[in-house]
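Could we walk through a two-chain model together, one question at a time? Let's take a look.

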Amino acid sequence: MRCSLNLLVSVMILAAAVAGLAQSRTYNLGTPLSQEEIRAFDFMVGPEGKELPPGRGTAKEGAEIFAKRCAVCHGRNGEGGAAQRLVLGSPGNPHLGPFKDTEKSATSYYPYPTIAWDYINRAMPANKPGSLTHDEVYAVVAFLFYRNGIIQENDVLDDKSLLKVEMPNRNGFVPAVPVWPPNPKKPSWY
Amino acid sequence: MDSNRSGRRRFLKQAAALAGVAAGAERSASGQSAQSEAQPKDVHIHGEPSRFVSAGRGVKTRIDHMTYYTPLQDSAGIITPAALHFMQTHSSRLPDIDPQQHRLTIHGMVDRPLSFTLEELKRLPSVSRIYFLECHGNGSSLLHGTDDPKMGLPVQYIHGMTSCSEWTGVLLSVLLKEAGLQKGASWLVSEGADDGKFSHTLPLAKAMDDVMVAYAQNGEPVRPEQGYPLRLVVPGWEGPSSVKWLRHIKVVDQPYMTWNESMNHSIPRHDLDGKSRWYHFEMAPKSVITRPSGGLKLPGRGFYEITGLAWSSGGAVSKVDVSTDGGRSWKEAKLQTPVLPKAHTRFTLDWTWDGEEAVLQSRCTDERGEVQPSLAELNRNWGITDTDQQKTSRAIHINAIQPWRVARDGSVHDAMFS
């Protein structure tokens, strides 16, 4: 019994060593990053919103920021201008689809509430990306969701409530979750 | 030391530009002194085409994007010169990246998050491979009939968002193995350093297969408009997967559905009750005759070599058929070597024009046996009726056969919708 246990333990140690070896760096190039360093650039936010930072904002606050920072390209109420249209439907009256190809830029088209937050935070406004504070991003997103009829004017968006917003087009995508490889019975141009 | 030097160079460059002697300033990265920067530019240092060669890229710019179209009508062989490679970018200016300052990070679900300098990436084992890159909006129905001289000839502005290069760099799998993938890792999302922070999701299976982190194109550093100093090259897949100005790769356990892929890369479809198909991944088999093509004129009856390009994400092109009578009969074209997987393939067919109206078109078959569809077949597949096809909103992933009509006067016209 003891003998076989010993054998088992040695096999386990050997297996761990082999696994460790297989996972070690081959070329030893590149600098290891600390969690603190990663936090300084890790802004991409996924559908689960795990990376969302603290902050809060409402549509009313967002209206002012939108007027100052966004309206010049996207129109006063997000109806579009030099840049894309962001609003479809109206307060209390969301556009439930189907969407035309030309309507895909509207915030209500996005399947997840995090998409608008993530993109505005990293890439907007186009002339000074990344210049909005987190509170301002929550507020602008609240304004756009309100204008699209998705939330109420006084709803507060923060890193918790944003995730609870029900997007009207959440089920408007096929396949529901992207898969690779795709259906082998269909041609690649399906 | 380097950052100080380059900072000083940047200052001198800016000062030179302000003084109105910007000529040659773009060469500052080669380490010339401010004095030499002020000299008139020697065009032979980076050679230029003959002054008799006029065709360059077609151009379309808007506030939120820039598009430059490859002049396919003048293309030869399979390689697109970097200077003529198409460009489609979702911002109105290009990043100006100092390679000394640039870092590529691999983080997320990895054992050892790592940051690489360009020099470190160049020390790693390299590969050079020839691949096409195609914008998923290439061949859009919306482009036919565009009459804007700045955008070039029809084959250029309809199909010129495909190009083919020899890319050199490191396989992404090498970097991911260095970082050590964690259990459960299944996707990754990468981000560029452009204003729009262009981001795209990739399944890990593809990333570990043939995806490259490229620093060179056709034997020279990747140009700024192609992502200098680093870009992803995702062979065969829709262009946006190949993120330019690449700086972050985050390994995750689900598709990240960033703004670009949710909005621009999905298509509302009739056959799916108006729901949107998204994540198309691959560019399907396609071909186009580049000469003779729309906007050109045949000087008279007689011999012409019909020539064009074919390509597919499904691997190598196995066959190209050409018709000169609008698809009633087909002849197998000659394929010029090399015939490489996921690369442009040049085809030719000898043809004697009898002076009568002719409709020229080509049809690609790839090594998986997939055949390029006609517009009618594509429409049927997507649930679009023939009467709807002109007003279809479908603007991406169109690989339909392209017909060119040769009129009796020798003029050649786009016949996709007429």
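What follows is a short conversation about confidence, the contact between chains, a sheet and two helices.

User: Before we start, what kind of model is this, and how are things numbered?
Analyst: Residues count from 1 along each chain as its sequence is written, while chains are lettered from A and ligands numbered from 1 in the order in which they are written. Local features need a pLDDT of at least 70, side-chain atom pairs count only at pLDDT 80 or more, and totals for chains, interfaces and linings use all residues, because this is a predicted model.

User: What is the mean pLDDT of chain A, and where does pLDDT stay under 50?
Analyst: pLDDT is the predictor's confidence in each residue, from 0 to 100. In chain A, 88% of the residues reach 70 or more, and the mean is 88. Where pLDDT is low, the predicted coordinates should not be read in detail. The stretch of chain A that stays under 50, with zero contacts beyond four places in sequence, is residues 14-22.

User: What does chain B average, and which ipTM does the complex get?
Analyst: Chain B averages a pLDDT of 89, with 89% of the residues scoring at least 70. Over residues 1-34 of chain B, though, the pLDDT is below 50. For the complex the predictor gives a pTM of 0.88 and an ipTM of 0.86.

User: How many residues does each chain bring to the contact, and which element gives the largest share on chain A?
Analyst: Two residues are in contact if their C-beta atoms, placed from the backbone, lie within 7 Å. Chain A brings 48 residues and chain B brings 60 residues. Helices (H or I, at least four residues) and strands (E, at least two) are DSSP runs, numbered from the N terminus. On the side of chain A that touches chain B, the largest share, five residues, comes from H5(A).

User: Which strand of chain B does S6(A) join, and which residue stands opposite Phe173(A)?
Analyst: Two strands pair if DSSP finds at least two bridges between them. S6(A) is joined by two bridges to S15 (residues 276-278) of chain B, and the two run parallel. Opposite Phe173(A), in S15(B), stands Ser276(B).

User: In what order do the four strands of the open sheet in chain B come, and which stand at the edges?
Analyst: The sheet is antiparallel, in the order S16-S17-S21-S20 (chain B). Two of these strands have a single partner strand each, so one side of each is left without a neighbour in the sheet: S16 (286-291) and S20 (334-335) of chain B.

User: Which residue is the bridge partner of Leu335(B)?
Analyst: S20(B) pairs with S21 (residues 345-353) of chain B over two bridges, in the antiparallel sense. In S21(B), the partner of Leu335(B) is Phe347(B).

User: How many residues of H6(A) are buried, and what do they pack against?
Analyst: A residue is buried if 20 or more other C-beta atoms, placed from the backbone, lie within 10 Å of its own, exposed if 12 or fewer, and partly exposed in between. H6(A) is largely enclosed by the rest of the structure because twelve of its 14 residues are buried. Those buried residues pack against S2 (56-57), H3 (59-69), H5 and S5 (157-158) of chain A.

User: How many residues of H5(B) are buried, and which residue just after the helix takes a positive phi?
Analyst: Six of the eight residues of H5 (residues 172-179) of chain B are buried, so this helix is largely enclosed by the rest of the structure. Among them are Leu172(B), Val174(B) and Glu178(B). Just after H5(B), a positive phi of about 80° is taken by Gly180(B).
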